[in-house]
Amino acid sequence: MRIGLDIDSVLLDTMDEFLKLMNNDLKTNFIRKNITCYNFNTKLGISRNEMVSYFKKIDYKKITLMDENIPTILNEWKSKGYKIDLITNTVGNINVIVNRLYELGINYDVLFYLKGSKKELSSTYDVFVDDSVKHLEECLSLKGNPICFNQPWNQEWDGVRVFNFKQLDKIIEEGY
Ligand SMILES: [Mg+2]
């Protein structure tokens, strides 16, 4: 079994830190459920560049897990001999992210830090998990096996969806 996992908003709760940073700066009160599309900057009243600059300012040293069961489940997959790769095109500092993944006990094989599309790589896995509808659709277009990690901004995805890692584990072990 070869599993490809996104980092931001799948393994790590990046949006939570983003919202704290932005709300603090702009004196706003946005919460996760207000983020109902991937290009949400217009909804927040900020430019695309401003949005990206907040993501770049995120301190990954403070970032928490998206799901507390992630380390245990990843360890179980590794003990079964599964290959777990991380596939990211984050704008965050990759060295800080790698350290944080280690601190949080995230067990994986290879981290692919891509500057462009995840399309070709993501479609080569038995399962590819992401929160971005664009990445999921691209994976599907090359006959990959995308699974959506539920977030308010990916509700238009009508394929396979999981709400947590226990559900993901069940799908991986038992099928859809
Ligand atoms: Mg993501």
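Biologist: What comes after α7, and what is the sign of its phi?

Modeller: Lys143 follows α7, and its phi is positive, near 65°. Keep in mind that this is a predicted model.

Biologist: Okay, back to α7 itself. Which of its residues are buried?

Modeller: To call a residue buried, we want 20 or more other C-beta atoms within 10 Å of its own. In α7, which covers residues 133-141, that fits Val133, His135, Leu136, Glu138 and Cys139.

Biologist: And what do the buried residues of α7 pack against?

Modeller: They pack against α6 (119-122), β4 (127-130) and β5 (146-149).

Biologist: Those strands sit in a sheet, right? In what order do the strands come?

Modeller: Read across the open sheet and you get β3-β2-β1-β4-β5-β6, six strands with parallel pairing. β3 (110-113) and β6 (161-162) stand at the edges with a single partner strand each, so one side of each has no neighbour in the sheet. α7 packs on this sheet, touching β4 and β5, and its direction makes about 170° with that of β5.

Biologist: How many bridges join β5 to β6?

Modeller: Two, and the strands run parallel. Look for Phe149, which stands opposite Val162 in β6.

Biologist: Now the helices. At what angle do the axes of α1 and α3 cross?

Modeller: The axes of α1 (residues 14-26) and α3 (residues 48-57) cross at roughly 115° and come within 9 Å. Angles of 65 to 115 degrees count as roughly perpendicular, so that is how α1 lies to α3. The crossing is right-handed.

Biologist: Which residues meet there?

Modeller: Phe18, Leu21 and Met22 from α1 meet Tyr54, Phe55 and Lys57 from α3. By class, that contact has five nonpolar residues, one charged and no polar.

Technical notes
Residues are numbered from 1 along each chain as its sequence is written. This is a predicted model: local features need pLDDT of at least 70, side-chain atom pairs count only at pLDDT 80 or more; totals for chains, interfaces and linings use all residues. Axes are lines fitted to C-alpha atoms, for helices over the stretch in contact, and angles run from 0 to 180 degrees between N-to-C directions. Helices (H or I, at least four residues) and strands (E, at least two) are DSSP runs, numbered from the N terminus. Angles under 35 degrees count as roughly parallel, over 145 as roughly antiparallel, 65 to 115 as roughly perpendicular and the rest as oblique. A crossing is left-handed if the near helix is turned anticlockwise from the far one by less than a right angle, and right-handed if clockwise. Two residues are in contact if their C-beta atoms, placed from the backbone, lie within 7 Å. Ala, Val, Leu, Ile, Met, Phe, Trp, Tyr, Cys and Pro count as nonpolar, Asp, Glu, Lys and Arg as charged, and the others, Gly among them, as polar. A residue is buried if 20 or more other C-beta atoms lie within 10 Å of its own, exposed if 12 or fewer, and partly exposed in between; C-beta atoms are placed from the backbone. Two strands pair if DSSP finds at least two bridges between them.
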